[in-house]
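These are my notebook entries on a structure that I consulted for a reader new to it. I set down what I looked up, entry by entry.

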Amino acid sequence: MNNSVTLALPSKGAIAEPTTAFLRDCGLRVDKPNPRQYTGALPAVPNMAVLFQRVTDIVYKVADDTAQFGITGLDVVHEYPHENVLIVHDDLGYGECRLLVAVPEAWLDVTSMSDLADVALDFRELYHRNLRVATTFPFMARKFMHQHGIHHFTIVNAEGAIEAAPTIGYADVIVDLVATGTTLRENHLKPLTDGIILESQACLIGSRDALVNNADVREAARILLEHMDASLQGKMYSQVTINMRAADQLDIARRLVSNPLTAGLQGPTIAPIYGSHEGTSDQWFTVTLILANKALLKGVDLLRTLGATDVIVTPVRYLFMDHAPTYKRLCDTLATGVTALPRQAFYR
Amino acid sequence: MAASGCALLGQPVATINLGDAQLLRAVLASRDIDTRTQRFVLSHISVLKELPRGVDYILDRFDAQVATPASTPALESAAIEQEFRVILETNERGRAMGGRTQADVARRLVQRQQRAAQREQLREVLEILAQLAHIRGRLPEVAQVLTGIAGSELWSSALTNWADVIRLLDVYGFSEDKVVVTPILARDWEYYSGLTFEVYTEDGHHVAGGGRYDEFARLIGAPRDIPAVGFTYYLDALLTGQTAQPADTLFLDVCAPANKEHGIRWAQLLRERGFLVRLAESACDGLITVVINPDASAVFLDNRYELSQCDDLIAAITRWR
C-alpha cells in the first residue's frame, strides 16, 4: 500500500458490520473491493488505506504502527494495554457490552464478589484446589479478582463457548462479555451484582508515535473526528419546524426562549409567512429550532401550548459545532503528554 | 534485608513501618470470631484507616455478605419461585454447578446464618481495631498508648517482637528513629500471620513490604503450615532515581553460631561490597564459608580478620576464588 495513513477495521465478529455502518453514517464510506480482500479505502480521508483485521490484532497493528488508527472494542484495548496505543474516541455509541463475572445460577448462596471470595476459600479448604475462572480476558480478570480479595484462583484460558465451561466442568465461574444476558441465562449462569469489570463499546484508537510525529496522521485524525463528532452530535438532536401566529417575531421569540425545552441550541429562526395576516392583526410565522431528542416530546407538547401548529421533525444528520470536541481533547492530550491509556479509568 | 537492598540500590531508607498480624488475630480471637470472619476483617482492615466511619462500612459489607434469601424481609414471591425453580432444576442433567455440589451450597447458606449471629462480637472487635488503626509512633509511645486500651494482655508478645526487630535493625544500620510502629499495618493479602513491614525511601516512595506468613503454604495446598517470610520490592518505585550499579556477585556463607549480631555486621559489610551472603547460625555447607568468632572476628582459611580488616578478608576470598 502506498497510502501514508492506515485505518484498521474489524474483519469479523460482533462489531465488524456495525463499524462499516457507523462509518457510513458518519460520511466515511468504506470501499472494500470484495469480501475476501483484507484491504480497502476510505475516500473521504485523503491517502487513507483500510486494513481488515481481527479485533485483537487491530490493537497490535496500532501498537507497532503498522496501522495509525483502528476501531476495535474497549475490552480488547484494556486487555492488551500498550503505551503506544492511545484511545482517541471512547464513545462511538455501538457495540455496547459488559465484561463481567458470572457464576452458576444454582449457587444460591453467591450474589456478590465477597461471596465469591468466600467460596474461593471453600475450594481451598474443602477441595484443596483453586477456584477456576474461564475467560479470554485473563489480564483484566486476574486484576479484578485480586481487587476483590480473591487470591486463590486459576485462570483457565478458553476460546469460545465459555458459558458452557461450568456445565462441562472445566471451570467454576466465567469472566466474559455479555451484551443482552440471554446466553448467560440459557446456560444457567447469573452475573454477580458487583461483578462488572468493564463497560465496553467500540472505540477509535491511534498510534501515539504517529500522532506526535506525523502531521499527515494528525490531519487524518482531524477529518475522522470532525465526521464522527458531527454525526454523533447530530444523532442527539432534531430539527423542528413549526408554524405560529403572533403580532411579530419578537413576541414568538420571547415565548420560546423563556423555556430551555423550546429555546433550541442557539435560539429560534423566525420567518414570516407572507399573505397570512389578511383581516387580522396577527400574522403567521415559520419557526425553526434544534431540539434535543431526549426531551423532544416534552418540547413539542410545550410548543403546542404556546400556539405551535404543523410540527415537522427532521433528523439532524450532522451537527458541526465551533470545533470537534474529541479532536480538541486529542490535541490537548498530545500536548500535555498524558499517559497513553488511562487504564484504571474504566474499571468500576 | 529488604531495607538493606534499597540502600544498596542508592535509595536511602527513611522509614520502616512495623506491624503485627498476630496482634490483629489475637484481638479477633478474643471475641470468638470464626476464622472466615477473621479473614473478612483482615481483608477490609485498611478501611478503618481510610474512612472516618470505617466500622459502619465494614459492618455494612458484613451484613451484605451474610444476608440470605430467608433473612431478606421483602423478598418478592417471584424471586422465591425462581429460587425453588433453580433448586428443583439443579438435579437435571447438564445443570451448571461449577465444581460445587448442592450440599456445598446448602452448608454455606447455613454458615452464613451462623456468621450473621456474630455481628455484635464483630462490632466490639472493630471498635478496638479502629482505635488501634490510628496509633503509630516510636515503640515506647505506642506501648504506652496500647496499655490504655482494653485487652492489653493481647499485645504483650507483639511489643516483645517489635523490640527484638528494632534491636536487630539497629545492628543492620537502621537506627530506632527510622522505625515507626503501626499496630494496624494493612497489607493487601490476608494471609500474614506475624510481623509485617513496609519500607519507605527518603523521597517518600513505598519501595518494599512483606512479613511472616506461615499459613500461606497451606492455602496453596500444603498439608500443614510452613514457617515462611518474604517481601516484595515495588520495582517502579524502587528504580525511580536509582543510581547504584549492581556489583560483581559472589555467593558466600557467613556462619555465626555464637553471636547473631556480629554475623549481621559482617554480612552487611560483605553485601555492601557486592557479595551475596547467606547468614546462618550453625555450620554451613556452602562453597565459601566465613566463620564468625564470639569476639566478632572472622575466620577464613585459618586466617583471622577484625571488622576493620574487611577489605583484607575480601582480598583473601578473591585470591582463593
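Which residue in strand 3 of chain A is the bridge partner of A:Ala8? I looked this up in what is a predicted model, and I found A:Leu51 in that place.

**Entry: strand 1 and its neighbours.** I next noted how strand 1 of chain A is paired. With strand 3 (residues 48-53) of chain A, strand 1 pairs in the parallel sense, over six bridges. With strand 4 (residues 69-73) of chain A, strand 1 is again parallel, over two bridges. In strand 4 of chain A, I found A:Gly70 opposite A:Ala8.

**Entry: burial of strand 1.** I then checked the surroundings of strand 1 (residues 5-10) of chain A. Six of its six residues are buried, so strand 1 is largely enclosed by the rest of the structure. In a regular strand the side chains alternate between the two faces of the sheet. I therefore looked at each face of strand 1 of chain A, taking 20 or more other C-beta atoms within 10 Å as the cut-off for a buried residue. On one side A:Val5, A:Leu7 and A:Leu9 are buried, and on the other A:Thr6, A:Ala8 and A:Pro10 are buried.

**Entry: the whole sheet.** I followed the strands outward and recorded an open sheet of six strands in chain A, in the order 2-3-1-4-11-5, with mixed pairing. Strand 2 (39-41) and strand 5 (85-89) of chain A are the edge strands, each pairing on one side only. From one strand to the next, the twist averages 35°. At one edge, I noted that strand 5 of chain A pairs with strand 11 (residues 202-207) of chain A in the antiparallel sense, over four bridges. There A:Ile87 stands opposite A:Ile205.

**Entry: chain A overall.** I counted 13 helices and 15 strands in the secondary structure of chain A. Its radius of gyration is 26 Å, well over the 20 Å that the globule rule gives for 348 residues, so chain A is more spread out than a compact globule. The C-alpha trace of chain A spans about 95 × 55 × 40 Å along its principal axes. Of the 348 residues in chain A, 42% are buried.

**Entry: the contact with chain B.** Finally, I turned to where the chains meet. Chain A brings 28 residues to the contact and chain B brings 24 residues. Helix 7 of chain B gives the most to its side, with five residues. I sorted the residues on the side of chain B that touches chain A into eight nonpolar, seven polar and nine charged.

Technical notes. Residues numbered from 1 in each chain as written. Chains lettered and ligands numbered in written order. Predicted model: local features only at pLDDT ≥ 70, side-chain atom pairs only at ≥ 80, totals over all residues. Contact = placed C-beta atoms within 7 Å. Nonpolar A, V, L, I, M, F, W, Y, C, P; charged D, E, K, R; others polar. Pairing = 2+ DSSP bridges. Axes fitted to C-alpha atoms, helices over the stretch in contact; angles between N-to-C directions. Buried ≥ 20, exposed ≤ 12 C-beta atoms within 10 Å, placed from the backbone. Rg over C-alpha atoms; globule rule 2.2 N^0.38 Å.
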